[in-house]
Amino acid sequence: MRPRRLELREPRSATEWDRLHAIRKTHIFDVYHPPDGPWPCEYDPAHPDDRDSANRPLLLFADDEVAGTLRLDLKPDGRAVIRLVALEPGFRGGGLGAAILELAEGLALDSGARMLCVNAQPGVVGFYARRGFTPGRWEGCTTCPRGVPMAKPLMGGLPIRPEVRPVPAGPHLQRAA
Ligand SMILES: CC(C)(COP(=O)(O)OP(=O)(O)OC[C@H]1O[C@@H](n2cnc3c(N)ncnc32)[C@H](O)[C@@H]1OP(=O)(O)O)[C@@H](O)C(=O)NCCC(=O)NCCS
């Protein structure tokens, strides 16, 4: 059932921070970066990027229940980068993925951002594409061959966008299939 109330906001208690870290660890790092996989990476709940004042670690609440998380990193050149996006499994497939992106986009716009960027996992390229993202490299995007950098202009995009260059569709999109 579609929740009546959605809220995307920063964690306000140790319990809420624990939920944010648990969702990221379980549904992103354990899945995409397991120790025995090709891109091992242990989740660090004390990572300094979460304490950077330009970065906003956020929780999605659906009718006051924690449904998922993402981080919105605001860059001085007008880009906003969406990272570490994940919903709890029970909240997937019903439009909340689209909703969390929409809420993050609203926050990015309110902060004056003109470009929304993401490093998509190959299996979710289609999810971002449905929300208006297209594959293209951006400054600071992933160098991991598995990741697919994508971007979406906001308010007509950045006036000058030399860093956004089309990614050759072949290898990345084949991996996404
Ligand atoms: C990715 C994720 C946030 C999507 O959430 P969701 O609730 O399933 O998405 P929605 O139901 O809002 O789907 C929105 C649209 O994207 C489509 N979509 C969802 N997941 C998709 C996927 N993996 N590939 C292609 N399209 C997808 C839906 O069909 C829907 O299309 P519609 O607009 O035509 O109805 C969720 O599956 C998740 O948390 N996954 C695990 C963590 C993860 O992989 N994070 C991505 C890191 S880059």
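The following legends describe close-up views of a predicted model.

**Figure 1. Overall architecture of the predicted protein.** The protein contains four helices and eight strands, which succeed one another along the sequence in the pattern β-α-β-β-β-α-β-α-β-β-β-α. Of its 177 residues, 28% count as buried. Among contacts between residues at least 6 apart in sequence, 60% connect residues at least 24 apart.

**Figure 2. Confidence of the prediction, with the segment 169-177.** The mean pLDDT of the protein is 91, and 89% of the residues score at least 70. Over residues 169-177, pLDDT stays under 50. For this segment the model has ten contacts beyond four places in sequence. Where pLDDT is low, the predicted coordinates should not be read in detail.

**Figure 3. The shell of residues around the ligand.** The shell comprises 19 residues, of which L87, G97, A98, G126 and F127 come nearest to the ligand. At least two shell residues are supplied by each of α1 (14-32), β4 (79-87), α2 (96-110) and α3 (125-130). By residue class, the shell divides into nine nonpolar, eight polar and two charged residues.

**Figure 4. The surroundings of L59 in strand β2.** Strand β2 covers residues 55-62 and includes L59. L59 counts as buried because 21 C-beta neighbours lie inside 10 Å, the threshold for burial being 20 or more. Not counting residues up to four places away in sequence, L59 touches R9, P11, E16, R19, L20, V66 and T69. W17 is 42 residues from L59 in sequence, yet the two C-alpha atoms are 8.8 Å apart in space.

**Figure 5. Antiparallel pairing of β2, β3 and β4.** Strands β2 and β3 (residues 65-74) run antiparallel and are joined by eight bridges; within this pair, L58 stands opposite L70 of β3. Strands β3 and β4 also run antiparallel, with six bridges between them. Here L74 has A80 in β4 as its bridge partner.

**Figure 6. The turns of the two hairpins.** The hairpin of β2 and β3 has two residues between its strands, and D63 takes a positive phi near 50°. D64, in the loop between β2 and β3, likewise has a positive phi, of about 70°, although it is not a glycine. Most residues other than glycine have a negative phi. D64 is exposed, because 9 other C-beta atoms lie within 10 Å and the limit for exposure is 12 or fewer. In the hairpin of β3 and β4, four residues separate the strands, and G78 takes a positive phi near 100°.

**Figure 7. Helix α2 and its packing.** At 1.5 Å a residue, the 15 residues of α2 should span 21 Å; the end C-alpha atoms are 21 Å apart, so the expected and modelled spans agree. The buried residues of α2 are L96, G97, A99, I100, L101, A104 and A108. They pack against β1 (6-9), β2, β3, β4, β5 (115-120) and α3. G112, which follows the helix, has a positive phi near 90°.

**Figure 8. The loop containing M155.** M155 is found between β7 (148-153) and β8 (165-166). Its phi is near 55°, a positive value in a residue other than glycine. M155 counts as exposed because 11 C-beta neighbours lie inside 10 Å.

Methods
Residues are numbered from 1 along each chain as its sequence is written. This is a predicted model: local features need pLDDT of at least 70, side-chain atom pairs count only at pLDDT 80 or more; totals for chains, interfaces and linings use all residues. A residue is near a molecule or strand if its C-beta atom, placed from the backbone, lies within 6 Å of it. Ala, Val, Leu, Ile, Met, Phe, Trp, Tyr, Cys and Pro count as nonpolar, Asp, Glu, Lys and Arg as charged, and the others, Gly among them, as polar. pLDDT is the predictor's confidence in each residue, from 0 to 100. Two residues are in contact if their C-beta atoms, placed from the backbone, lie within 7 Å. Two strands pair if DSSP finds at least two bridges between them. The expected span of a helix is 1.5 Å times one less than its number of residues.
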